[in-house]
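Trainee: I should be grateful for a close look at a single part of this model, namely the pairing of strands. Please then set that part in its surroundings.

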Amino acid sequence: MTSISGNFFRPGTATSQPATLERDGTGEGRYTVTTEAGDIFNGLQIARTSERLPGVVRAISFTDANVFHTRDDDAVDALLGGSGGFSGWLLRTESSLVKSGIIAVLTVLLIIGVFRYGTPALAYVGAHLTPLNVMTAMDAGVLATLERATMQPTKLDEETQARLTARFDELVQDSGFDAVPLRLHFRDGGRIGANAIALPGGSIVMTDQLVARSKHDGELAGVLAHEIAHVEKRHSLQQIYRLAGVWFMLGVIGGDAGQIVESLAGTAVAFSTLSYARGFETEADMRSAELMVAANADPLAFIDLIDRVTKHSEGTGLGSLVRSHPGRVERRAAVCAHLKTLIEDYDCERGDVSDDLSGLPGLHSVRPAA
Ligand SMILES: [Zn+2]
């Protein structure tokens, strides 16, 4: 029987007690926590387990508001039956007959789901079924159109580009996400001003104007982490499918890439103005905070940058960054609450989790070259 060592937090108490967590005998999906002092909590049910992140404490929240923290990721994954959750279980299922049966049932459930829950559910599934080569073609089409319409080559100096790219690569590596190759592009945003855009195929565009508005690289890294999350969770595609509808989506998934680029090119600028659904923004914020914690950097800094850009928008207000984002206070509070589930006693007022910002070259001097 696997037993995990960690710390146990009772609801309403600030201090934790050393404890162990294991399956209990009272039924499927029930767990027991035994504290060092000998107190036993039986029949606990897991409400949520935080994602596995290098160097970050894993938080297991129970339905009765008790929380268990541990650094033993392997033991957590072993106890919960693998980190892949349902899909991991599906992959491990041996019988192909059982597997195809399950897939058939899932397909029926999907169809019912579409009628019941409408386009968002379908857009979600469609976004995850869209082939990589189609997404890559979309990126090329959208980038070309944006370049014709408003964007110019970057005026950032090479050193700044290299420094931010290194930061970006580090975040990508920490994310463990490799289903779509992520690339950072620098452009003078022109009309779209200070902005960052995440395209479906993994192209992330950051404008010189955004770099100019930043006070330090940590702010930009947080925005990059936020955009990485948009790609990782396929938000752009879901948004396009939600707006353009089912038939368009089926055409993209089943059709040929050339045609799609053509049909998308005309609407590329409209695409760049798309504002994400609020839920997507929240999801990207939470993921950004996780990635920034993993990189040992300030997970809240990006909110200040976005707020600065939103308040004194010099562009036309186009673009994913400045539109429909939640307000600063609300956003900070939500990210802060999430951070408290990741790190014991996280102090949002104190801000950063490390002093790495002071060691960054070019702090407060990130400006486009003349
Ligand atoms: Zn966003």
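Mentor: Two strands are said to pair if DSSP finds at least two bridges between them, and a strand is itself a DSSP run of at least two residues, numbered from the N terminus. The model before you is predicted.

Let us begin with the chain as a whole. It contains 15 helices and eleven strands. Of its 370 residues, 48% count as buried. Among contacts with a separation of 6 or more, 63% join residues 24 or more positions apart.

Now to the sheet. Four strands form an open sheet in the order β8-β9-β11-β10, and their pairing is mixed. The edges are taken by β8 and β10 (196-198), each of which has a single partner strand, so one side of each has no neighbour in the sheet.

Strand β9 repays particular attention. It covers residues 183-188, and five of its six residues are buried, so the rest of the structure largely encloses this strand. With β8 (residues 152-153), β9 pairs in the antiparallel sense over two bridges. There, glutamine 152 is placed opposite aspartate 188 of β9. With β11 (residues 203-207), β9 pairs in the parallel sense, and this pairing runs over five bridges. Two facing pairs help you to follow it by eye: arginine 183 stands opposite serine 203 in β11, and phenylalanine 186 stands opposite methionine 206, also in β11. As you trace these strands, bear in mind that side chains in a regular strand alternate between the two faces of the sheet.

From the sheet we may turn to the nonpolar interior. The largest nonpolar core has 57 residues, and those touching the most other members are Leu171, Ile204, Leu210 and Tyr241. The element that gives the most to this core is helix α8 (residues 217-232), which supplies seven residues. Another core lies apart from this one; it has 14 residues, including Phe8, Tyr31, Leu44 and Ile60. Returning to tyrosine 241, its contacts beyond four places in sequence include Thr119, Ala123, Met138, Phe248 and Ile253.

Helix α8 deserves a second look. Alanine 225 is located in this helix, and its relative accessible area is 0%, so it counts as buried. Setting aside neighbours within four places in sequence, alanine 225 contacts Leu171, Ser288, Leu291 and Met292. Leu171 has already appeared among the core residues that touch the most other members. Alanine 225 also shows how the chain brings separated positions together: phenylalanine 168 is 57 residues away in sequence, yet the two C-alpha atoms are 7.7 Å apart in space.

The same helix leads to the metal site. Histidine 226 and histidine 230 both belong to α8 and are four residues apart, about one turn of the helix. Both of these histidines are buried. The zinc ion has as its protein donors NE2 of His226, NE2 of His230 and two OE atoms of Glu281, at 2.1 to 2.7 Å. Along the sequence, the donor residues follow the spacing H-x3-H-x50-E. The angles among the four donor atoms range from 51 to 132°, and the site is irregular. For comparison, the ideal angle for four tetrahedral donors is 109.5 degrees.

A covalent link is found further along the chain. The structure holds one disulfide, formed by cysteine 336 and cysteine 348, whose sulfur atoms are 1.7 Å apart. The link is right-handed, with 110° about the S-S bond. Cysteine 336 lies in helix α15 (residues 328-342), whereas cysteine 348 lies in the segment after it, so the pair ties together parts twelve residues apart in sequence. Both cysteine 336 and cysteine 348 are buried.

Finally, two loop residues show a backbone feature worth noting. Alanine 65, in the loop between β6 (58-62) and β7 (67-70), has a positive phi of about 75° although it is not a glycine. Its relative accessibility is 46%, so alanine 65 counts as partly exposed. Asparagine 296, in the loop between α13 (278-294) and α14 (301-311), likewise is not a glycine and has a positive phi, near 60°. With a relative accessible area of 40%, asparagine 296 is partly exposed.

Technical notes. Residues numbered from 1 in each chain as written. Predicted model: local features only at pLDDT ≥ 70, side-chain atom pairs only at ≥ 80, totals over all residues. Heavy atoms only, no water. Core = buried A, V, L, I, M, F, W, Y, C linked by side-chain atoms within 4.5 Å. Buried < 20%, exposed > 50% of the residue type's maximum accessible area, 1.4 Å probe, protein only. Contact = heavy atoms within 4.5 Å. Donors = N, O, S within 2.8 Å, 3.2 Å for Na, K, Ca; no water. Tetrahedral: all angles 85-135°; square planar, octahedral: opposite > 155°, others 65-115°. Disulfide = S-S within 2.5 Å.
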